[in-house]
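Thank you all for making time this morning. I would like to walk through one model, beginning with its charged pairs and then moving on to its core.

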Amino acid sequence: MSLKNVRLEVMQHLEKDVQSLIEKYLIPVEKIWQPTDFLPDPTKDSFYEEVREIRELSKELPYDFWVVLVGDMITEEALPSYESWLMDVEGVDQIERNGWSTWLRHWTGEENRHGDVLNKYLYLSGRVNMREIEKTTQYLISDGFDIGTGRDPYKNFVYTSFQELATYISHNRVAKIAKQKGNKQLAKMCKIISGDEMRHHHAYSEFVERIFAVDPNQMMMAFHDMMKRKIAMPAHFLRESGESIGTAFEEFSNTAQRLGVYTSNDYVDILQKLIDRWEIGKMTGLNEEAEKARDYLMKLPPRMYRLSERMKIPENSYQFKWVDPA
């Protein structure tokens, strides 16, 4: 049986449990928070006063902070690319609406709120150039999306397990900075977004655990292949107007690292957390190829920590069109 057919069989085998996983990890629409819970209500007389407060508090936050918040928002706004990619994964059937496509639709619905609330907050803040941000978002969606996973569900679930934890770290750190600067509402907003990301991380990590239980050799190879090629961030094609694909992403990453929101050490920490969670070091009974893959994975974090220690991050801020430097 081909690897493609094996993966399809495993996805079909696991599909019977997807509904219980939806109930475990996702929150019904009527119970979950919505963007308007964190934003001024335009139907109330206090609306203008609350907007003025947002604008005043925004003045206390530094340039690099706004660059990171904008980059995080744009990444969340590119959700159509992520959903369309995952809907094409082996075992996901959006025509017949099987369990996996139901999961992805519900997951997308939860994730969609993140870009909505951040977009509206940035608009009200008065600190950013919304038209340039909107052009970057449109570019990111229209330029496409390629994370190197193909239609392989094993690789895609490794990717989402990793990426959801990375976005948790980023939003959580942004929340801490906002709180330190006295912006409690923004801090609360980013904190609750990070909570969503952590729930989703646990969900995708459990998907991988379940695959390890039935197809450990090929799941190990998929994990190995993804980490060998390195996890591409979802906004790796990020660009500003008038620039070529990907030109803005390196500078955005440098800003996030300089601010301490998401660093090269965080990347390695996430890898180590996945190794620990999936108990890679304890796995036995693997074939020779998977044994080598496991050994490679176990040795990878120390090597990557050494490399990250030698990385030099530019001290000067790049001037994005998104944010007024004043």
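D88 is partly exposed, with a relative accessible area of 42%, and R151 is likewise partly exposed, at 39%, where that word covers everything between buried, under 20% relative accessible area, and exposed, over 50%, with a 1.4 Å probe and protein chains only. The side chains of D88 and R151 meet in a salt bridge at 3.5 Å, N to O, a salt bridge being a side-chain nitrogen of Lys or Arg within 4 Å of a carboxyl oxygen of Asp or Glu. This pair links distant parts of the chain, since D88 sits in the loop between α5 (79–86) and α6 and R151 in the loop between α7 (130–142) and α8, 63 residues apart.

I should say at once that this is a predicted model, in which local features need pLDDT of at least 70 and side-chain atom pairs count only at pLDDT 80 or more, while totals for chains, interfaces and linings use all residues. Residues are numbered from 1 along each chain as its sequence is written, and side-chain values use heavy atoms, with hydrogens and water left out.

Turning to another charged pair, R113 and D196 form a salt bridge of 3.2 Å, N to O. Because R113 lies in helix α6 and D196 in helix α9, this pair ties together parts that are 83 residues apart in sequence; helices here are DSSP runs (H or I, at least four residues), numbered from the N terminus. R113 counts as buried at 5% relative accessibility, and D196 does too at 3%. By the salt-bridge rule the count comes to 22.

Which acidic residue in helix α8 is buried yet has no salt bridge? That is E164, for which the nearest side chain of opposite charge, R199, is 9.4 Å away, with Lys and Arg counted as positive, Asp and Glu as negative, and His and the chain ends not counted. The side chain of E164 does make a polar contact with the side chain of W107, at 2.8 Å, a polar contact being a pair of N or O atoms within 3.5 Å, where within protein one must be able to donate a hydrogen and the other to accept it, and residues adjacent in sequence count only if both atoms are side-chain atoms.

D72, in helix α4 (residues 63–77), is also buried without a salt bridge, the nearest side chain of opposite charge being R173, 10 Å away. The side chain of D72 makes a polar contact of 3.0 Å with the side chain of S170.

Now to the core. The largest nonpolar core has 106 residues, among which W103 and F223 touch the most other members; such a core is a set of buried Ala, Val, Leu, Ile, Met, Phe, Trp, Tyr and Cys residues joined through side-chain atoms within 4.5 Å. Helix α8 (residues 153–180) gives the most to this core, with 12 residues.

W103 and F207 are both buried. Their ring centres are 5.1 Å apart and their planes lie at 75°, so the pair is edge-to-face, given that rings of Phe, Tyr and Trp (its six-membered ring) pair if their centres lie within 6.5 Å, with planes under 30 degrees apart stacked, over 60 edge-to-face and the rest tilted. W103 is in helix α6 (residues 99–125) and F207 in helix α9 (residues 184–214), 104 residues apart. Finally, W100, W103, W107, F157, Y204 and F207 form one aromatic cluster.

Definitions and conventions:
Helix = DSSP H or I, 4+ residues; strand = E, 2+ residues; numbered from the N terminus.
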